[in-house]
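Subject: The structure I promised you

Hi,

Here is the structure we talked about. Have a look at it first, and then read on for what turned up.

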Amino acid sequence: MSSTRQNDSPPPAAAPRSRSRLRRVALIAIAAVAVLAGLGYRHFWLARPIGAGPAGPSVSREPFETVWSERPVLLLGFGDSITAGFGAPRGHGYFDRLAQNPADEFEELQGICLQRVLPKLQTCNLALSGSTSLEHAEMLVSKIEPQDDETLGIVVMTTGGNDVIHNYGRTPPREGAMYGATLAEAQPWIENFQRRLDGMLDEIETKFPGGCHFFLANIFDPTDAVGDAERAGLPAWPEGLQVLDAYNRVIKHCAEQRANVHLIDMRGAFLGHGIHCTQFWNQHYCAADPHYWYYENLEDPNDRGYDALRRAFLIEMARVLPEAFAAGAAGEKTRER
């Protein structure tokens, strides 16, 4: 009888305990996935790490080891807030860093500046933060003092960027504040920009009877060629990249048509360092420096961005100016004979 009762007793409660453990494991796994997803979203979509130290390409020291010219030279800054150095610590804007090294200069760039190779260098920065190309043509050109025959001009320019991004979609698109415009709507303003830019270059050149060289930057794209400005808190702009590209084609065309205008590809230099800088799947991702080079206002560089931009200008200047000065000196000797 006792044997029968033992066989009829219920099995131990192992199965319910096993199911409970499985539920706990599943909940822990789900929580872990949620945490990882949240961290991934924060890192790949929200984070904009700035990084530290030098930014941008290396600059060869060799061209800066000998004097380029003993002529008087005026380094003229012209354009908008990028040339004005908005958002940079004092002395760290690209214009300032071109002229002379800041006190806390990186070791690799000590002595690599225009003051080193142009001992009679003078500087004048007329760039105005927040200004558009319309204001550059109407206001800034007239502020340039005419120079004497001995002075060579080195003109660094950033213009047109505010035409594109203002007024951030807060007002209907118009010339000089075309954010949100379709390409068709912006086309007359783009054509006006080309005429305006040509006119500015012509007029500035008359201020330098001794000759001048322009180093003209195109306009960067903080969306890393994705075109999703809404991820930066701005209204969506479906044709924004097309308008930006059209402006950059105008700038490139002006450089191609004039022997003394040299394009600085700021857009190319900054790709991969905008709002998608941490996204390894972006076509412009920079594994060597996956960091954000823009200031908090999205339309200017930060300190590291200004360092990178300064390097882009220096590389092009070192390519162009020593040969230009040598050709000018040879021409003067020929005329003397």
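How many helices and strands does the protein have? There are eleven helices and five strands. Do keep in mind that this is a predicted model.

**The whole chain**

The protein runs to 337 residues, and 45% of them count as buried. About 16,900 Å² is exposed, with carbon and sulfur atoms supplying 54% of that area. If you take the contacts between residues at least 6 apart in sequence, 78% of them join residues at least 24 apart.

**The core**

The largest nonpolar core has 84 residues, and the two that touch the most other members are Leu197 and Phe313. Helix α11 (residues 303–336) gives this core its largest share, eleven residues. Try clicking on Leu197: setting aside neighbours within four places in sequence, its contacts are Met157, Thr159, Leu216, Val250, Ile251 and Cys254. The last of those, Cys254, is buried, because its relative accessible area is 1% and the cut-off is under 20%.

**Cysteines**

How many disulfides does a search of the whole structure find? The search comes back with zero. Cys277, for instance, is in no disulfide, and the nearest cysteine sulfur to it belongs to Cys286, 10.0 Å away. Is Cys277 buried or exposed? Cys277 has 0% relative accessibility, so it counts as buried.

**Empty space inside**

Now for the gaps. Rolling a probe the size of a water molecule over the atoms shows where empty space is left. The count comes to one cavity of 30 Å³ or more. In the largest cavity there is about 380 Å³ of space. Its lining is made up of 28 residues, and those closest to the centre are Val164, Ile165, Phe220, Pro222 and Leu244. Three helices, α3 (81–84), α7 (161–165) and α9 (240–257), each supply at least two residues of that lining. Which of the elements gives the most to it? That is α7, with four residues.

There are pockets to look at too. The second largest pocket has a volume of about 180 Å³. Two elements give two or more residues to its lining, namely α4 (94–99) and β2 (121–125). Of these, α4 gives the most, with three residues. If you want to find the pocket on screen, its lining residues include Gly91, Phe95, Gln100, Pro102 and Leu121.

**Two residues to zoom in on**

Start with Asp289, found in the loop between α10 (266–270) and α11. Is Asp289 buried or exposed? Asp289 is buried, since its relative accessible area is 10% and the cut-off is under 20%. Apart from neighbours within four places in sequence, Asp289 is in contact with Ala55, His273 and Arg304.

Then go to Val117, which lies in helix α5 (residues 114–117). Val117 has 0% relative accessibility, so it counts as buried too. Leaving out neighbours within four places, you'll see Val117 in contact with Pro63, Phe64, Thr66, Val67, Trp68 and Ser69. Glu70 is 47 residues from Val117 in sequence, yet the two are 8.7 Å apart in space, C-alpha to C-alpha.

Have fun exploring!

Key
Residues numbered from 1 in each chain as written. Predicted model: local features only at pLDDT ≥ 70, side-chain atom pairs only at ≥ 80, totals over all residues. Heavy atoms only, no water. Disulfide = S-S within 2.5 Å. Buried < 20%, exposed > 50% of the residue type's maximum accessible area, 1.4 Å probe, protein only. Contact = heavy atoms within 4.5 Å. Areas by Shrake-Rupley, 256 points an atom, 1.4 Å probe, with all protein chains shown as cover. Core = buried A, V, L, I, M, F, W, Y, C linked by side-chain atoms within 4.5 Å. 1 Å grid on protein atoms, 1.4 Å probe; cavity = no way out; pocket = protein on both sides within 12 Å on 5 of 7 lines; lining within 4 Å. Points joined across faces, edges and corners; volume = space filled by probe spheres on them.
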